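Colleague: Before the wider discussion, I should be grateful for a close look at a single part of this model. Please then relate that part to its surroundings.

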Number of protein chains: 2
Amino acid sequence: MAPKIKDVAKKAGVSVTTVSRVLNGEKYVKDELKLKVKHAIDELGYAPSHIARSLVRKKTDLIGVIVPDLTSSFYSTILSSIEETASLNDYNLLVCNIIEDIDKELKYLNVFKQMRVDGIIIMHEKLSDEIRSLLNKLEVPVIFSSVKPIDQKFISLIIDDYQAAYDATNYLIELGHERIAFIGGDMRDITSGQNRYVGYRNALTNNHVKIIYDYIKFGDYKMQKGYDLMKEILACEPRPTAVFAVSDDMAVGAMNCVHDHQLKVPDDISIIGFDGSQLTELVRPRLTSMEQPIHEMGKLTVETLIQLIEDQEGSPEEDLILGHKLVVRDSCKVNKKEA
Amino acid sequence: MAPKIKDVAKKAGVSVTTVSRVLNGEKYVKDELKLKVKHAIDELGYAPSHIARSLVRKKTDLIGVIVPDLTSSFYSTILSSIEETASLNDYNLLVCNIIEDIDKELKYLNVFKQMRVDGIIIMHEKLSDEIRSLLNKLEVPVIFSSVKPIDQKFISLIIDDYQAAYDATNYLIELGHERIAFIGGDMRDITSGQNRYVGYRNALTNNHVKIIYDYIKFGDYKMQKGYDLMKEILACEPRPTAVFAVSDDMAVGAMNCVHDHQLKVPDDISIIGFDGSQLTELVRPRLTSMEQPIHEMGKLTVETLIQLIEDQEGSPEEDLILGHKLVVRDSCKVNKKEA
């Protein structure tokens, strides 16, 4: 039988109320009593029920996290950073992997509600009407990390996706490329779909580079899709000399497709990715990428959420826009103009 | 204000006790009453507190998971499978990423205890005495997934690591290799350290292939370490013609090192990995690997744990040994004997 609070009280020679006051960290408990209770707890191996204490404290120290895909390098890295920061602040994570399953997301949001989580982190932006309505009824803080769904009152932590995509495309133009293909995201996504596409287009237009619609494809951020879309791009005549993919996973898929067609990156075709995930250093040639500050984003997401949960002074009221950064590796090279 | 149970009772025109009996799924509640209560719940948007119900049911539907490293391809894939199976069975995951930090693991096991999780999944095998002692005092089922620490009464789900390593080494020998290097795991680990090393050695000995100690290195399963150890191996004279690395991450690190030394896999050196993670298909050349059934392992881990939690008949009392499988891709080739 697990020891109960009354066993602790008996052992310490104090009342149950005193034990409870010590456990809840109340002030004005004599140090002598605190010590007695702590010794009794150690000796008995007593673990106060978090459940019971939650009812008293009206706080669970739980954060619910909704991840689109745990097996993606971007999300597993940001989750790792979220976990680290949460743990440092004594919060625990309920992790839900939805894999584009709207029903599963709805179910999980209801679980979060029932579990009385203190706050929620969401990392994707396809919200059904039902989810929107549920989110609006929640009484705990919600933060969107790396995405900003339209029409949401909640705070987002994001980079300037438009500008980052503009800068990535501009880099290829500066290298002398004029036939630049685009492997985009899901156009139902504002942040990672539409904003990045408009950034690509405007960079071309502002630099008087012709937009060629055959070169423009839309995918799902995953490696296999990058591979498949690159196959279509390689079939274009004339072939583009550079490709901008809006996720590192799709960029690596594209690189593999180029390799499997007996062509070379960057000699035959330059490829730039987006995210700055671990993949960039893992493949050969190493992938040049427009990087999001993944670790900082995870850390700030949790810190901001905790500010909101604990209603600290100076809690942010607006979106936080983090900086993006071009990291040049080995997958892009200067395009020699044709004679 | 969130609606309370008494609001539901009022709306449904029944007693609070009846609402509570419906919520707890008790038998012998008239269908008519059930319907009334359910309609009232829907209309009010009432979410029963999981916390309060947990106290009554003495069950939290929570599973605590301790993962060594979320950013590893092997662990993020197995976690994804664990999450999927848990969700299908209406369990939720508390996820803890320990990154070889023993203090953090101890802290988390105490959190699990306080949160009254229904069961625990552990995916690493370096257990301190404190952790062993804590595990032995826990009153909930514990399962080790993909590892088997020594002296533990708990059930493990593993492959036969010795035989799998033996078979991987044997495959290289069958291809005609005689100078076979080894990038091993942490020798404090029984399963992934010692067993795989002994498998490698015995395969060499039984095939009368000489063991060359300069070719044998021990790492931490991570990519960077694979890279660094491969550098040492490439400096050996004569250079080995094949390498067996006991994780795909280390194998990919080794491949990258070979590439950065202007050598080719598999023309100059064959490399075989271990795990069968996503990495195998992601790199070029694609990595030949001794595969663990990662998805099945995750699924069976959760299903077995739930059997134990719910004390179902026929719950396993011994370790479950899953099959391993050599998957040949493009990173190994026949070694032409020197004249």
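What is the relative accessible area of His208(B), and is this residue buried or exposed?

Modeller: His208(B) has a relative accessible area of 76% and is therefore exposed (over 50%, against under 20% for buried and partly exposed in between; 1.4 Å probe, protein chains only). The model is predicted: local features need pLDDT of at least 70, side-chain atom pairs count only at pLDDT 80 or more, totals for chains, interfaces and linings use all residues, and side-chain values use heavy atoms without hydrogens and water. Residues are numbered from 1 along each chain as its sequence is written, while chains are lettered from A and ligands numbered from 1 in the order in which they are written.

The backbone of His208(B) also deserves attention: phi is near 55 degrees, a positive value in a residue other than glycine. His208(B) lies in chain B, in the loop that runs between α9 (190–206) and β7 (216–218). Helices (H or I, at least four residues) and strands (E, at least two) are DSSP runs, numbered from the N terminus.

Chain A offers a further positive phi, that of Gln262(A), where the angle is about 60 degrees although the residue is not a glycine. Gln262(A) is likewise a loop residue, placed between α11 (248–260) and β9 (270–275) of chain A. With a relative accessible area of 68%, Gln262(A) is exposed.

Loops also hold cis peptide bonds. In chain B, such a bond joins Arg284(B) to Pro285(B), with omega about -5 degrees. Pro285(B) sits in the loop between α12 (279–282) and β10 (288–291) of that chain. In chain A, Arg284(A) and Pro285(A) are joined by a cis peptide bond with omega about -5 degrees, and Pro285(A) is located in the loop from α12 (279–282) to β10 (288–291).

Turning to a helix of chain B, α1 (residues 5–12) contains the buried residues Val8(B), Ala9(B) and Ala12(B). These residues lie on the same side of α1(B), because they cover an arc of only 100 degrees around the axis, taken from the directions from the helix axis to the C-beta atoms. The other side of α1(B) carries Lys6(B) and Lys10(B), which are exposed.

Two charged residues of chain A complete the account. Lys4(A) belongs to the segment before α1 (5–12) of chain A and, at 44% relative accessibility, is partly exposed. Asp103(A) is part of helix α6 (residues 102–114) of chain A, and a relative accessible area of 60% makes Asp103(A) exposed.
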